[in-house]
Structure formats: structure tokens, C-alpha cells
Amino acid sequence: MIDLKAWPKNLARVTAALLALVVLASAYACAGPKSIDMDVTGSALTQHGETSLSDHRLPQVDEETLRAISQLDGVPDDGSETPPPVMSHGEDYERVRSKNKDVAGWISVPNTRIEYPVVRAADNEYYLTHDIEKNASKSGAVFMDFRNTDPETAKHILIYGHNMRNGSMFHDLNSYKIRDFFDNNRDITLILGDKTVKYEIYAAFVIAADLNFMETRFDDDATFLTYMNVLKDMSKFSAKPSVKLNENDQILTLVTCTYEYDDSRFAVQARRVS
């Protein structure tokens, strides 16, 4: 866990060192889950009915640095320095569904390259290193948390994707670190099987990977609401008009790796509106 009290005051120097480390990092690009051994059932956020994230806010990084970082993310597969063509739901969804029984849906985020089938496996490991056709791939695939076995009724749906330097997968989530883009691109479409579901973005935040922001099971509705409001309060921006969550909401969280800080993640959250 990041020790904010020990965090150096010279953020520019730290950022420069971080950028150098990113350039020298391995070709593997991380996504949502922390590691093969990550705990997906922990309760760091809600222990004994209490929340515990309010003291773990990370220092803000200026917009210029954010843009620099966004150019240094995950190395793509060999021969894929340029991004592949944007996929088309109309042309590609049924094709990939017929080839891969793991396809659970399709995600579309406006004004980004995020147009992808969403797969779900028996774990959160396989699609970190395999594409939609189950070929070995550094880009992996966009995948739903394996615990979301019934996304229609789930309280919290999690979808992960690598942050690829060539602009593919969930790289464009970085755009939600910029206020103007956040304000003007609030809609997400998620197709679950044959049903189209709409979500409204209300939060975007950088968080340490070892904090539990990926819980899917809750003791009761009140615990769920407290949990989600703690995360909402961590957002870099406040949605306008403001969004008030309630116990009946279904929350969608998109997660990718980010490089402002050591072992951190970037999450965009939205609530179901239809």
C-alpha cells in the first residue's frame, strides 16, 4: 500500500523517474486485477460495517504530465504498433459470439476506440494474455470479472482491459482524466447477450491496486451504498448535474492500469439508467 505520509513532495522529480521506469518496463501491460494471486474476495473497504478508503487519496497529477504518461503505456503485440481497426457491433458481435462461448456482451464508449466484445472466463487471468479468439496476446481482451455470472442482476459489474500504447483496448479511458472529456462523454452502452443497457458515468479516479475497489458481494443494500459512495467521493471530478446513488442502483466499473503512481489503477464508474 502506498504510504502517503512518506510521499516525496517533489512530484515533478518523482514523475520523471516514473516515466523512465515505464519506458524500461516489460512488454506486458497490466489491466484491472493486481496479479495472478490477487484477492478478489477481500473486504478492505468494508470491515465491520466501516469504510476505510477516505485516507488513501493519491496526489493529483497535472494535465500535461497525464498526457505524457498516456503515450507510454503497454507495448502492443509484435507488428501492432498502430491500433487495429475499430470493431463494429453490427458486423463483429455475432461473428465473435459464434466462435467463442465466453463472449458475454459488447461495450461501447462514445468518442473513444472502445468498441469491443466483452468476454468472461472462469477466472480473471486467462484474458489478460489471450485475445478474443483465444490466441496468446499481450493485448489480451476486454473481459468481465468472473464473479459477474449474472450481470443482469449484479449490483456491481467490473470490466477490465489493458492500457495499450497503440491506443487499443482500454487505453482511451485515460481521456476521462481530462475535465472537458469527462463532462461531455458520460454515456456507456453495454450489450448483455441481446439486451442493450445504458449507463451514466459519474466518477473517475486513480486508486492503489492493493485497495479493495472490486467487491461484488455485499451483506445488504446499505453496505453496498456506503461502499459505492466512498468510491464516488474519490472521483477526480464531480458530475454535473450531480448524481445521487441509491440502494437499487447497478454500478458498472471499467478498470485499467495507470502509471502516475506505483501499482495503481484507473477506474471509471457509471450507474445503470435503462
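1. In this predicted model, strands β3 and β4 (residues 115-119) form an antiparallel pair held over five bridges. Within that pairing, Ile107 has Tyr116 of β4 as its bridge partner. The hairpin of β3 and β4 has six residues between the strands, and Asn111 adopts a positive phi there, near 55°.

2. Strand β3 also pairs with β7, again in the antiparallel sense, over four bridges. Here Ser108 is placed opposite Thr189 of β7. As for its surroundings, strand β3 (residues 103-108) is mostly covered, with six of its six residues buried.

3. The structure as a whole contains 14 salt bridges. In one of these, the side chains of Asp194 and Arg97 come together at 2.8 Å, N to O. Asp194 sits in the loop between β7 (187-192) and β8 (195-208), while Arg97 belongs to helix α3 (residues 89-99), so this pair ties together parts that are 97 residues apart in sequence. The two partners may also be described by their accessibility: Asp194 counts as exposed because its relative accessibility is 68%, and the cut-off for that class is over 50%. Arg97, at 25% relative accessibility, counts as partly exposed.

4. A salt bridge also joins the side chains of Arg272 and Glu152, at 3.2 Å, N to O. The two residues belong to distant parts of the chain, 120 residues apart: Arg272 is in strand β10 (residues 264-272), and Glu152 is in the loop between β5 (143-144) and β6 (156-160). Glu152 has a relative accessible area of 33% and is therefore partly exposed.

5. Strand β10 takes part in a further salt bridge through Arg271, whose side chain meets that of Glu200 at 3.4 Å, N to O. This pair, too, links distant parts of the chain, with Glu200 in strand β8 and Arg271 in strand β10, 71 residues apart. Are these two partners buried or exposed? Both Glu200 and Arg271 are buried. Turning to shared partners, salt bridges connect Asp92, Arg95 and Glu133 into one network.

6. Glu260 merits a separate remark. This residue is located in the loop between β9 (251-258) and β10. Its relative accessibility is 4%, so Glu260 counts as buried, the limit for that class being under 20%. Which side chains does the side chain of Glu260 contact? One polar contact, of 2.9 Å, joins the side chains of Glu260 and Lys177. Another polar contact, of 2.3 Å, is made by the side chain of Glu260 with the side chain of Thr258.

7. The loop between β5 and β6, which holds Glu152, also holds Arg147. Arg147 has a relative accessible area of 13% and is therefore buried, whereas Glu152 is partly exposed at 33%. What lies 2.6 Å from a polar atom of the Arg147 side chain? The backbone oxygen of Met214 lies at that distance from the side chain of Arg147.

Conventions: Residues numbered from 1 in each chain as written. Predicted model: local features only at pLDDT ≥ 70, side-chain atom pairs only at ≥ 80, totals over all residues. Heavy atoms only, no water. Salt bridge = Lys/Arg side-chain N within 4 Å of Asp/Glu carboxyl O. Buried < 20%, exposed > 50% of the residue type's maximum accessible area, 1.4 Å probe, protein only. Polar contact = N/O pair within 3.5 Å; in protein donor to acceptor, adjacent residues only side chain to side chain. Pairing = 2+ DSSP bridges.
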